[in-house]
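Trainee: I would like to test some labels against their cut-offs. Can we go through them one by one?

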Amino acid sequence: MTLKLPVYMDHAATTPCDPRVVEAMLPYFTEKYGNSGSRNHRFGWEAEAGVDEAREHAAKLIGASEKEIIFTSGSTESNNIAIKGAAYMYEKAPAGSRGRGHIVTCEIEHKAVLDPVKRLVKEGFEATFLEPPRDGIVTAEMVKNALRPDTILVTIMWANNEIGTINEVREIGKLCKERGIIFHTDATQWAGKMPVNVDADNIDLLSWSGHKIYGPKGVGALYVRRHRPRVRLQALQDGGGQERGFRSGTLNIPGIVGFGKACQIALAEMESDAIRLGRLRKKLETEISSQLDTCAVNGHAEKRLPHIANISFGFVEGEGLMMAVKNIACSSGSACTSASLEPSYVLKGIGVGDDLAHSSLRLSLGKWTTEEQVDYAIKEIVQAVKKLRMMSPLYDMHKEGIDLSKVEWAHH
Ligand SMILES: *Cc1c(COP(=O)(O)O)cnc(C)c1O
């Protein structure tokens, strides 16, 4: 069988929608098109029943109750509602200060966490942006050392979207619980792929998204704890008071039904998917590292998601590498910021140098990734890197044993 190109290896960016999800959504566009807020007729009741069922699936996936699930447009919105909503609700000024309260997060969070926190800082809150160690793992010890008497919120992602590393979420949650501090986690890369139990994992607020778990784009959820403690949030959007007042606006019913279906399938299949993808990712990493010298897997070797590999290649140039592997749809360690290519702030944050960050690839596998595709990616990447290095005088010098850090560069 011939392989269809390009091969999709960017599942951390988004996933294809599962056909079973699409099928579940379809009737809600054309037949069951009511507004779940309409209480007086069958169309409204049908829509409401669809939403109720989706809410059950979403709650079950994370060990919550249905009343604790707020449907949103995705993780960006869930994070905003959680972080800003909690900050405004729990703000407190330490004695003799004009501050509004302190927040703990990490430098390598997704922008959908960093930017809401930065907005709050502009508005008078204070924040600690933890600097992760080289392995990328945020530990409870690191969070503990950052806590202050006026800390009101800790927001630490469950697993990193670029390097796949897994943080000490349960332990961080325990710490926050003991001190009465609200704990939010952006679980976009974790929920639906790995097990969650919001009680055992000590979580107060949790964000996740449909399109990262084979559901539709533009729909997600926020878990808001209702007991021990009952978490309150100041709503950011005013209107019809839907979703217990936390998120006004007519519900995206087909999207929510699809999200629910995606959660139901995820719960049933996550274990076997994780085992299969973990084996394929390991193969990708070990084959590439054994066939090439001077390459490094970024992030902790074991404490990582099964499906995300992030590898840096020495002595190749980033743009050249991306061009050379164009049959593999993946992400690079460069981010386009306005006109220039900047090295990824996540790789920079864990201490990867600018050049190595630029020449990194994030390969993220998914439910329908085949062994054949993985073998193809290994072959393509190894070939591309070898070819690029043949043209690199620096690589020649390196092979001859010249210590490049001691070379005196000519100045023009
Ligand atoms: C994709 C992603 C987001 C953004 O989710 P949307 O649903 O696209 O808004 C936030 N956080 C992480 C970790 C992500 O991977």
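Mentor: What follows is a set of short checks on a predicted model.

Trainee: Why is Ser207 called buried?

Mentor: Buried means under 20% relative accessible area. Ser207 has 0% relative accessibility, so Ser207 counts as buried. Ser207 is found in strand 7, residues 205-209.

Trainee: What makes the pair Ser207 and His184 a polar contact?

Mentor: The cut-off is 3.5 Å between N or O atoms, with one able to donate a hydrogen and the other to accept it. The side chains of Ser207 and His184 are joined at 2.8 Å. That value is within 3.5 Å, so the pair is a polar contact.

Trainee: Asn202 sits in the loop between strand 6 (182-186) and strand 7. Why is Asn202 called buried?

Mentor: Its relative accessibility is 11%. Under 20% means buried, so the label holds for Asn202.

Trainee: What is notable about the phi of Asn202?

Mentor: Asn202 is not a glycine, yet its phi is positive, about 60 degrees. Most residues other than glycine have a negative phi.

Trainee: Which sign does phi take at Thr294?

Mentor: Positive, about 50 degrees, and Thr294 is not a glycine either. Thr294 lies in the loop between helix 8 and strand 9 (295-297).

Trainee: Why is Thr294 called partly exposed?

Mentor: Partly exposed lies between the buried limit of 20% and the exposed limit of 50%. Thr294 has 32%, so Thr294 counts as partly exposed.

Trainee: And what makes Thr128 partly exposed?

Mentor: The relative accessible area of Thr128 is 25%. That falls between 20% and 50%, so the label fits. Thr128 lies in strand 4, residues 126-130.

Trainee: How far is Thr128 from Thr151?

Mentor: They are 23 residues apart in sequence and 9.8 Å apart in space, C-alpha to C-alpha.

Trainee: What makes the patch with Glu66 negative?

Mentor: Asp52, Glu53, Glu56 and Glu66 form the patch. Asp and Glu count as negative, so the patch is negative.

Trainee: How do you know that Glu66 passes the accessibility cut-off for a patch?

Mentor: A patch residue needs over 30%. Glu66 has 38%, so Glu66 passes. Glu66 lies in the loop between helix 3 (42-62) and strand 2 (69-72).

Trainee: Where are the cis peptide bonds you would point out?

Mentor: One joins Leu5 and Pro6, with omega about -5 degrees. Pro6 is in the segment before strand 1 (7-8). Another joins Arg228 and Pro229, with omega about -5 degrees. Most peptide bonds are trans.

Methods
Residues are numbered from 1 along each chain as its sequence is written. This is a predicted model: local features need pLDDT of at least 70, side-chain atom pairs count only at pLDDT 80 or more; totals for chains, interfaces and linings use all residues. Side-chain values use heavy atoms; hydrogens and water are left out. Patches are made of residues with over 30% relative accessible area and no salt bridge: like charges are joined within 9 Å, nonpolar side chains (Val, Leu, Ile, Met, Phe, Trp, Tyr) within 5 Å. Accessible areas come from the Shrake-Rupley method with a 1.4 Å probe; for residues, only the protein chains shown count as cover. A salt bridge is a side-chain nitrogen of Lys or Arg within 4 Å of a carboxyl oxygen of Asp or Glu. The place of a charge is taken as NZ of Lys, CZ of Arg, CG of Asp or CD of Glu. Helices (H or I, at least four residues) and strands (E, at least two) are DSSP runs, numbered from the N terminus. Buried means under 20% relative accessible area, exposed over 50%, partly exposed in between (1.4 Å probe, protein chains only).
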